[in-house]
Amino acid sequence: MRAVRWLPIAPATLLLLLFLAGPIGYCVYIAFTDMQLTGSSSVDFVGFANFRRAFADPAFRNAVWLTLVFTVLSSLVGQNTLGLALAALMRRASRPVRTLTGALVITAWVLPEIVAAFLLYAFFRREGTLNAILGQLHLPTQNWLFTLPILAVSFANVWRGTAFSMLIYSAALAEIPTDVEEAAEVDGASGARRFWHITLPMIRRSIATNLMLNTLQTLSVFGLIWAMTRGGPGDRSQTLPVFMYDQAFLKSLIGYGTAVALLLLLVGSLFSVIYLRLMKVDG
Amino acid sequence: MRPAAVGHGRRRTRQRLAADASLLAVAAAFAVPLLWLLLASVDTEADLRVRVPGSATRDNFSAVLTPDITFTPMLNSLLLCGSSTLLTVVCAALAAYPLSRYRSRLARPYLLTVLFTTCLPITAIMVPVYGLFVQVNLIDTMYGTALFLATSQLPFAIWLMKNFMDGVPLTLEEAAWTDGASMPQTLTRVVLPLMGPGVTVVTIYTFIMLWGNFFVPFMLLLSPDQLPASVSIFTFFGNHGSVVYGQLAAFSILYSAPVLLLYVLIARRLGGGFALGGAVKG
């Protein structure tokens, strides 16, 4: 009879096994084959050839490097720091300013990915708003999506993703007991010192988990980059998900593309495990 | 005491003004792209930069409000996201019940696996999912895509739902059991009504996430008449060479409106870091 009580868990488990565990297992299998979209119908087991090929492939290393740049710029530096700054400033700001800023930042987050991509595409294009503003200020303009594509897509990801960090940090800051800060203020500690020595250590766990989640989200960004630059010009904004798509579908190398996907999944799993460890400490 | 208090108050005011100024600068940076969207949508001669239209028109909206451009893709989005949201929420509620109510050695590993899955980059498995879907003939089917979309949101939904369910006290259920109610009856008549707001948050959050999802339908659906709005929006580019930016903006507003409105409905619960807090705290 005890087993019957656990029956309600069956539909969810079935879906997860069929549509999540299944594809992941299939992913592991294809990554070791030479499967192609077109041409030969036979699929051969090729061992680690796809992985050896990847590490020797300059295009793959380029994608790894760009993924790193994109993640560090947009997630670690951008979303995380800006989100924390916004949350901290909001505690001191007047109510209408707080409400207005919060609403704008969150709107950027709730908008569908592709709409956000088009908005930032319009912003960064040669004939777009950024250059119009720079021109007004007599500053040099340039074709951002051509000269600095990875910077443009990173900024787009900051614009779109900062709200998440802002919400996490607002919640974390709200939980700090006020008397601790007040005691430090009475002792004459400056605002910056109080923030560095008291506030930051108290929310360090939120910082760690937020960094994990941001990194994981940023690792899998595809639509934003695809719609803004298609990974281009050339391969100058081709992060790993775009590279994976390019190899598997535009070049028809399913086996190779999947090997890249598997590497991405492994990096993601690594971060997930660290995240779970952090959570365990908390609970 | 008095001068000190005045100085203190002045410092507070100065701090507030500095915070206000910094926030307004950031707000302006976030507002510019949104402003383009609003202004371009009422400007028939819109280009890529923010400019106030000579005269506001509704032409862009009436131009895109056709079955081909707006109604079919939006209906597809609604069918796709509505059905997968329903599936996600039902499965998550069912799964959360034993996880929240019964003790078992397997409950914690199960939950940890679910949480682990929440974090996996789903983007990475889209290529093998495509391969599998071709082999089992699910490719280019709405129900196949809906099943995958539902599964992709399921881990987080289970996690949220379980946390909400933990907040419902056991005593009322025990009373229902004493009266001879079965477990499904207890779940549907006692537990779920008590966690109504929680179920609403999970439902709306799932729907918002799925509505904006681009990569999954982009990979799994091929026929133009089945594409949801997140993918069909690309038809504004390329077909006739030049892009009518005003119409693209108008369509983007129509496509974004449902999720923006739904978010406002649950903002208070999410804004307090409540649901998201569930992802940060164990």
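**Close-up views of a two-chain model**

The structure holds 37 aromatic pairs over all chains. Please keep in mind throughout that this is a predicted model.

**View 1. A tilted ring pair in chain B.** The rings of Trp211(B) and Tyr255(B) have centres 5.9 Å apart and planes at 35 degrees, so the pair is tilted. Trp211(B) belongs to helix α9 (residues 196-211) of chain B and Tyr255(B) to helix α12 (residues 245-271) of chain B, so the pair ties together parts that are 44 residues apart in sequence. Are these two residues, Trp211(B) and Tyr255(B), buried or exposed? Both Trp211(B) and Tyr255(B) are buried.

**View 2. An aromatic cluster with members from both chains.** From chain A come Phe118(A), Phe222(A), Trp226(A), Tyr245(A) and Phe249(A). They form one aromatic cluster with Tyr130(B), Phe214(B), Phe215(B), Phe218(B) and Phe234(B).

**View 3. The interface of chain A and chain B.** Here 89 residues of chain A are in contact with 90 residues of chain B. The two chains bury about 8100 Å² between them, with 80% of it on carbon and sulfur atoms. Trp6(A), Phe19(A) and Phe118(A) supply 8% of the area that chain A buries against chain B, more than any other three residues. Helix α15 (residues 254-282) of chain A gives the most to the side of chain A that touches chain B, with 14 residues. By class, that side of chain A has 62 nonpolar, 16 polar and 11 charged residues. For polar interactions, the count between the chains is 8 residue pairs in polar contact, while the rule finds 0 salt bridges across the interface.

**View 4. The surroundings of Thr129(A).** Thr129(A) sits in helix α7 (residues 129-136) of chain A. Its relative accessibility is 5%, so Thr129(A) counts as buried. Leaving aside neighbours within four places in sequence, Thr129(A) is in contact with Ala122(A) and Phe123(A) in chain A, and with Val32(B), Leu48(B), Arg49(B) and Val50(B) in chain B.

**View 5. Salt bridges within each chain.** How many salt bridges does a search of the whole structure find? The search finds 5 over all chains, and three of them are described here.

- Glu127(A) and Arg125(A) meet through their side chains at 3.0 Å, N to O. Glu127(A) is partly exposed at 31% relative accessible area, and Arg125(A) is partly exposed at 24%.
- Asp246(A) and Lys251(A) meet at 2.8 Å, N to O. Asp246(A) is buried at 12%, whereas Lys251(A) is partly exposed at 44%.
- Arg51(B) and Asp43(B) have their closest N and O atoms 2.9 Å apart. Arg51(B) is partly exposed at 33%, whereas Asp43(B) is buried at 4%.

Technical notes:
Residues are numbered from 1 along each chain as its sequence is written. Chains are lettered from A and ligands numbered from 1 in the order in which they are written. This is a predicted model: local features need pLDDT of at least 70, side-chain atom pairs count only at pLDDT 80 or more; totals for chains, interfaces and linings use all residues. Side-chain values use heavy atoms; hydrogens and water are left out. Contact means heavy atoms within 4.5 Å. Buried area is the accessible area (1.4 Å probe) that two parts lose on being put together, summed over both. A salt bridge is a side-chain nitrogen of Lys or Arg within 4 Å of a carboxyl oxygen of Asp or Glu. A polar contact is a pair of N or O atoms within 3.5 Å; within protein, one must be able to donate a hydrogen and the other to accept it, and residues adjacent in sequence count only if both atoms are side-chain atoms. Helices (H or I, at least four residues) and strands (E, at least two) are DSSP runs, numbered from the N terminus. Ala, Val, Leu, Ile, Met, Phe, Trp, Tyr, Cys and Pro count as nonpolar, Asp, Glu, Lys and Arg as charged, and the others, Gly among them, as polar. Rings of Phe, Tyr and Trp (its six-membered ring) pair if their centres lie within 6.5 Å; planes under 30 degrees apart count as stacked, over 60 as edge-to-face and the rest as tilted. Buried means under 20% relative accessible area, exposed over 50%, partly exposed in between (1.4 Å probe, protein chains only).
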